[in-house]
Amino acid sequence: TLCFLFFFLMIRRPPRSTLFPYTTLFRSNHYKIISLEDFIRIHKSQKPIPPNTVVLTFDDGYKSNYVENYPILKKYGIPSIGFLTANLIGTDKILWWDQVIYAVNNTNQNSLHIDNRELPLNTQLEKDRAIAQIFTLVKKLPDRQKNETVENITNQLKIDLNTARSFNPLMSWDQAREMNA
């Protein structure tokens with residue numbers, strides 16, 4: 001069986017790399033981390049995928065992939081694949097879901113009105129639930145409506161996203177190219 005292990009930032013981002021414990025676990029338990037190219041080659045050959053095979057992927061092009069994970073990947077020669085949000089790489093723009101996470105987690109408001117519902121925001125658990133509900137609603141929307149909805153959320157929660165520029169920044173094109181080398 002093949003395992004695709006997707007690394008992405010969680011609602012409350014851990015303070016250091018999430019990759020290292022996994023690489024240690026995989027290496028100590030006889031997992032084999034292969035590149036996406038190797039997986040495609042095996043798949044096309046119609047040969048069985050070796051047991052305990054893993055493909056590592058990193059989504060969205062967060063700078064933390066470069067700063068925290070890339071040195072570990074490079075040191076141990078671990079293959080991985082990154083899926084970049086190409087139109088945002090090298091900018092200071094914030095991905096819509098990060099805007100939601102930042103706004104909900106940093107508001108002083110007690111609730112949010114969205115889609116004819118009132119979502120309570122008094123505890124971290126309520127905020128986490130609200131974020132999940134917002135994601136379910138917003139991810140299905142066309143881009144223009146998605147952007148309007150997220151802007152409405154940040155306005156309702158009285159959050160200035162200019163203060164969030166350092167929250168989950170994206171890597172530069174030079175960093176992406178280095179990781180690809």
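In this predicted model, two helices, α4 (96-106) and α6 (143-156), each put at least two residues into the lining of the second largest pocket. Of these elements, α6 takes the largest share of that lining, with 5 residues. The second largest pocket comes out at about 380 Å³. Its lining runs to 14 residues, and those closest to the centre are L88, I94, W96, Q99 and N147. Sorted by class, the lining of this second largest pocket splits into 6 nonpolar, 4 polar and 4 charged residues.

Then there is the largest pocket, which holds about 490 Å³ of space. Here 22 residues make up the lining, and S80, G82, A176, M179 and N180 sit closest to the pocket centre. Three elements chip in with at least two lining residues each: the helices α3 (63-76) and α7 (173-180), plus the strand β4 (81-84). Which of the elements gives the most to this lining? That turns out to be α7, with 6 residues. As for chemistry, the lining of the largest pocket counts 12 nonpolar residues, alongside 6 polar and 4 charged ones.

Put side by side, the two linings draw on their elements as follows. For the largest pocket, α7 is the top contributor, with α3 and β4 also supplying at least two residues each. For the second largest pocket, α6 holds the largest share, and α4 likewise supplies at least two residues.

Technical notes. Residues are numbered from 1 along each chain as its sequence is written. This is a predicted model: local features need pLDDT of at least 70, side-chain atom pairs count only at pLDDT 80 or more; totals for chains, interfaces and linings use all residues. Side-chain values use heavy atoms; hydrogens and water are left out. On a 1 Å grid over the protein atoms alone, a cavity is a set of points where a 1.4 Å probe fits but cannot get out, and a pocket is an open set with protein on both sides within 12 Å along at least five of seven lines; lining residues have an atom within 4 Å of a point. Grid points are joined across faces, edges and corners, and a volume is the space filled by probe spheres set on the points. Helices (H or I, at least four residues) and strands (E, at least two) are DSSP runs, numbered from the N terminus. Ala, Val, Leu, Ile, Met, Phe, Trp, Tyr, Cys and Pro count as nonpolar, Asp, Glu, Lys and Arg as charged, and the others, Gly among them, as polar.
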